[in-house]
Amino acid sequence: MADTYFTLIQRKIDEYEEDIKTYLASGQAEDMEKYNRIVGRYEALQYVKQDINDLEKRYIEEWYFLI
C-alpha cells in the first residue's frame with residue numbers, strides 16, 4: 001500500500017524526534033536554556049503528532065461515510 005500524506009508527515013516527525021534524542025543523549029545541550037528549548041521542541045512535536053493522528057482518523061471516518 002502506498003504511503004499517505006499522513007504517513008509521510010509522521011515519518012518526518014519521527015526523524016525530528018530521533019534527532020532531538022540523539023542531541024540530548026550526546027550532551028550537546030550546553031546549558032539549561034538550550035536544554036529547555038530542545039525539550040520544548042520535543043513536546044511540541046508530540047502535540048503535532050497527536051493532531052495529525054486525530055486528523056487522519058477524522059479523514060478516514062469521513063471517507064468511509066461517503067462510500
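**Group meeting: the core and surface of a two-helix model**

The largest nonpolar core of this protein consists of 6 residues: Phe6, Ile13, Ile20, Ile38, Leu45 and Ile52. Helices α1 and α2 are the elements that each give two or more residues to this core. I should state at the outset that the model is predicted.

Let me turn to the overall architecture. The protein has 2 helices and 0 strands. Its radius of gyration is 16 Å, well over the 11 Å that the globule rule gives for 67 residues, so the protein is more spread out than a compact globule. The C-alpha trace spans about 55 × 20 × 10 Å along its principal axes. Of the 67 residues, 13% count as buried. Among contacts between residues at least 6 apart in sequence, 62% join residues at least 24 apart.

Next, the contacts around one core residue. Leaving aside residues up to four places away in sequence, Ile13 touches Leu45, Val48, Lys49 and Ile52. Lys49 lies in helix α2, which covers residues 32–66. Is Lys49 buried or exposed? Its relative accessible area is 19%, under the 20% cut-off, so Lys49 counts as buried. With the same exclusion of sequence neighbours, Lys49 touches Gln10, Ile13, Asp14 and Glu17.

Finally, the surface. The accessible surface comes to about 5,900 Å², and 58% of that belongs to carbon and sulfur atoms. Tyr5, Leu8 and Ile9 form a nonpolar surface patch, with about 350 Å² of accessible area together. Leu8 is placed in helix α1, residues 5–25, and counts as partly exposed because its relative accessibility is 41%.

Technical notes: Residues numbered from 1 in each chain as written. Predicted model: local features only at pLDDT ≥ 70, side-chain atom pairs only at ≥ 80, totals over all residues. Heavy atoms only, no water. Patch = residues over 30% accessible without salt bridge, like charges linked within 9 Å, V, L, I, M, F, W, Y side chains within 5 Å. Areas by Shrake-Rupley, 256 points an atom, 1.4 Å probe, with all protein chains shown as cover. Salt bridge = Lys/Arg side-chain N within 4 Å of Asp/Glu carboxyl O. Helix = DSSP H or I, 4+ residues; strand = E, 2+ residues; numbered from the N terminus. Buried < 20%, exposed > 50% of the residue type's maximum accessible area, 1.4 Å probe, protein only. Contact = heavy atoms within 4.5 Å. Core = buried A, V, L, I, M, F, W, Y, C linked by side-chain atoms within 4.5 Å. Rg over C-alpha atoms; globule rule 2.2 N^0.38 Å.
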